[in-house]
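Visitor: I am new to this structure and should be grateful for a close look at one part of it. Please begin with a single residue and work outwards from there.

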Amino acid sequence: MIPLTLAEIAEAVAGELHGADPQARVTGTVEFDSRKVGPGGLFVAFAGEKADGHDFAPAALAAGAAAVLGTRPLLGVPVIVVADPLAAMARLARAVLDRLDVTVVGITGSSGKTTTKDLIGQLLGGLGPTVAPPGTFNNELGLPYTVLQADADTRFLVLEMGARGIGHIKDLCEIAPPSVGVVVNVGVAHIGEFGSVEGIATAKSELVQALPADGLAVLNADDPRVAAMAAVTPAPVVLAGQAEGADLRAVDVVLDERGRPAYTLVGDGESARVELGLTGAHQVGNTLLAAAVAQRCGMAWSELPGALARLRALSTRRMDVFDRADGVTVIDDSYNANPASTAAALRALHTLGGGDGPAGRRTVAVLGYHAELGAAEHDGHAEVGALAATLGVGLLIVVGESAAPILDGAASVRHWEGESVLVSDQAAAIGVLRERLRAADVVLVKGSRYRTWDVVDALRETRADLGASNGDGHR
């Protein structure tokens, strides 16, 4: 964060200083985990259900914190007292941003937000100092936390924006007004909270509605609901995708044996061949969106092919492909799941397995529950199962009774010759893999955030040691 005095921070957040020198300065980072606080930092104390951050204020002070942002005075601790630390973080983030000369890029979508954020951050990092931390920081806490990592040298600030309802993205845009907005897609993720896909589209459109007239809306040309957002933004629009008429387009797309796409990039009367180091056909669209942002921010056309080729997955457990010593290939996409992202992962599994060729490897899919689908829960899971069977998955392991409709979907596909099994938890899934995994299999692990990644962690062991790794069920 840019250096600020405690008096300046108190004014920005409408707080009161207690036991603090008004001229003392915060020169370090703003943290809500006392273990991450360093010299000159500001510790934000939240009172949670299981722990009260105020109890850790002395430890933060011992680590070098300049002050604490909390809801009550503390003996011997300099505190900026506010009614709501979360709202105060938002106000502080906006105050800091107002002092900076930075291009804010906002990204939203039902799936692929974090990956696209990572790609944009890497491209913009080649143009100047960029804040785009790996991982998912897309809510009312994560977004201001990310903003507060910017300093006077920051040129680009790349922010992921999620939503659990109408108005959430609008609120995030008020904390950090974007000049560039990117909408990846509109799907059924979180439909249980929105009620309809139309509601999701309305929420996502809040990002492009918040753009200034001299900004830029980068929209997925291959998603009709996203492309339609061109009508509601005051900003100029770039459509990126494989659809005819896209301003920035990928043609002649091919995948290699590792599922890495190559395509011809077409736009502005120019064309260039691009070879990606990322896995999955869906990365074509993600990289096109990133390229459009990079162009807007100053990257020359001639630089794009090389910059796109250097892109890598940064956030963990998202299409991370690794090979084991016994020849088994694992696709770790276990961070989260919804029907659209699982479909993309299953297609990548199919490609790495050799596709429909005669010399294909057996594919194994370990699929967990897809959360927040509401009334679409059964059909969403069943569609995933049907696609898995259609793509010829050899062994389908479904984790948890809540995900059982995946098996119904698979069983609905006539002539599917694969095997399927329903297991109670991750430990049971690991047991099935211990018994049935073969050398040269390709394994996909995917599910919503119920520690499906325990299966991946077991798979990182050698085949002989696989049985020693124990999952611990849903928690």
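**A threonine and its helix**

Guide: Thr-116 is found in helix H4; helices (H or I, at least four residues) and strands (E, at least two) are DSSP runs, numbered from the N terminus. The model is a predicted one, in which local features need pLDDT of at least 70 and side-chain atom pairs count only at pLDDT 80 or more, while totals for chains, interfaces and linings use all residues. Residues are numbered from 1 along each chain as its sequence is written, and side-chain values use heavy atoms, with hydrogens and water left out.

With a relative accessible area of 0%, Thr-116 is buried; the word stands for under 20% relative accessible area, against over 50% for exposed and partly exposed in between (1.4 Å probe, protein chains only). Apart from neighbours within four places in sequence, Thr-116 is in contact with Ile-107, Val-184, Asn-286 and Leu-289, where contact means heavy atoms within 4.5 Å.

Asn-286 and Leu-289 lead to the partner helix, for both belong to the H10 side of the contact with H4. The axes of H4 (residues 113–125) and H10 (residues 283–296) come within 9 Å and cross at roughly 40°. That angle makes H4 oblique to H10. Here axes are lines fitted to C-alpha atoms, for helices over the stretch in contact, and angles run from 0 to 180 degrees between N-to-C directions. Angles under 35 degrees count as roughly parallel, over 145 as roughly antiparallel, 65 to 115 as roughly perpendicular and the rest as oblique. H4 passes H10 in a right-handed crossing; a crossing is right-handed if the near helix is turned clockwise from the far one by less than a right angle, and left-handed if anticlockwise.

From H4, the contact draws on Thr-115, Thr-116, Leu-119, Ile-120, Leu-123 and Leu-124. H10 supplies Gln-283, Asn-286, Thr-287, Leu-289, Ala-290, Ala-291, Val-293 and Ala-294. By class, this contact has 9 nonpolar, 5 polar and no charged residues. In that count Ala, Val, Leu, Ile, Met, Phe, Trp, Tyr, Cys and Pro are nonpolar, Asp, Glu, Lys and Arg are charged, and the others, Gly among them, are polar.

Two residues of H10, Gln-283 and Thr-287, also touch Leu-276. Leu-276 lies in the loop between strand E16 (270–275) and H10, and at 6% relative accessibility Leu-276 counts as buried. Beyond four places in sequence, the other contacts of Leu-276 are Arg-260, Pro-261, Tyr-263 and Leu-308. The C-alpha atoms of Leu-276 and Asp-256, which are 20 residues apart along the chain, are separated by 10.0 Å.

Leu-308 in turn belongs to helix H11 (304–309), and the loop between H11 and strand E17 (320–323) holds Met-319. Met-319 has a positive phi of about 50° although it is not a glycine. Most residues other than glycine have a negative phi. At 9% relative accessibility, Met-319 counts as buried.

A second helix pair may be set beside the one formed by H4 and H10. Helix H6 (residues 168–175) and helix H8 (residues 197–209) pack at an angle of about 20°, with their axes 7 Å apart. This makes H6 roughly parallel to H8, and their crossing is right-handed. His-168, Ile-169, Lys-170 and Cys-173 in H6 meet Ala-203, Lys-204, Glu-206 and Leu-207 in H8. By class, this contact has 4 nonpolar, 1 polar and 3 charged residues.
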